[in-house]
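Trainee: Could you take me through one part of this model slowly? I'd like a close look at the sheet and what sits around it.

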Amino acid sequence: MAVEQTLSIIKPDGIQKNLIGEIVSRFENAGLEVVAARMMHLSKEQAQEFYVVHKERPFFDDLIKYMTSGPVFVQALQGDDAVARNREIMGATDPSDADPGTIRADHAASIEENVVHGSDAAETAAVEIAFFFADNGVCPRTR
């Protein structure tokens, strides 16, 4: 297994539901380590830049409105096969398709308000982590 990093965002509905600790615990209990974290309120411009890959999709404007509706908790996670493991813990984007016991099955209200974001590939993760944690914002785990 390859040690890799991935980005995880607890979205505004997850923050509103007070799920930060529970979600971080799920990742840590699955062997992932937090190597960077911050809480922030995305500006419209930041959200548009981060989700630019979806710019032509019909849900783009609603996505931007949702992601700027409240604070988010952004974290970089590290571990063996971190991208796949993170996605497995999150569950399917549509909570009605998510496996029981996943974050989205347990807490998401809809496909639009689905509590968490996770990188879809190691290459994407590198870009997403740099977006939020530039200038050496990732802290290596030394113990």
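Mentor: Here is the sheet, followed by the helices on it and then the pocket.

Before we start, this is a predicted model, where local features need pLDDT of at least 70, side-chain atom pairs count only at pLDDT 80 or more, and totals for chains, interfaces and linings use all residues. Numbering runs from 1 along each chain as its sequence is written, and side-chain values use heavy atoms, with hydrogens and water left out.

Okay, the sheet. It's an open one with four strands in the order β2-β3-β1-β4, paired antiparallel. Strands here are DSSP runs of E with at least two residues, helices are runs of H or I with at least four, and both are numbered from the N terminus; two strands pair if DSSP finds at least two bridges between them. At the edges you'll find β2 (33-40) and β4 (116-118), each pairing on one side only. From one strand to the next, the twist averages 20°. Angles run from 0 to 180 degrees between N-to-C directions, with axes fitted as lines to C-alpha atoms, for helices over the stretch in contact.

Now look at β2 alongside β3 (residues 72-80): they pair in the antiparallel sense over seven bridges. Find Met 40, and opposite it you'll see Val 72 in β3.

Next, the helices. α2 (residues 20-29) lies across β1 (3-10), β2, β3 and β4, running at about 10° to β3. α5 (residues 82-90) also packs on the sheet, touching β1, β3 and β4, and its direction makes about 35° with that of β1. Contact means heavy atoms within 4.5 Å.

Two of these elements, α5 and β4, also turn up in the lining of the largest pocket, where they and α3 (44-50), α4 (60-67) and α7 (122-132) each supply at least two residues. A pocket is an open set of points on a 1 Å grid over the protein atoms alone, where a 1.4 Å probe fits, with protein on both sides within 12 Å along at least five of seven lines; lining residues have an atom within 4 Å of a point. The largest share of that lining, four residues, comes from α7. In total 28 residues line the pocket, and Tyr 51, His 54, Phe 59, Leu 63 and His 117 lie nearest its centre.
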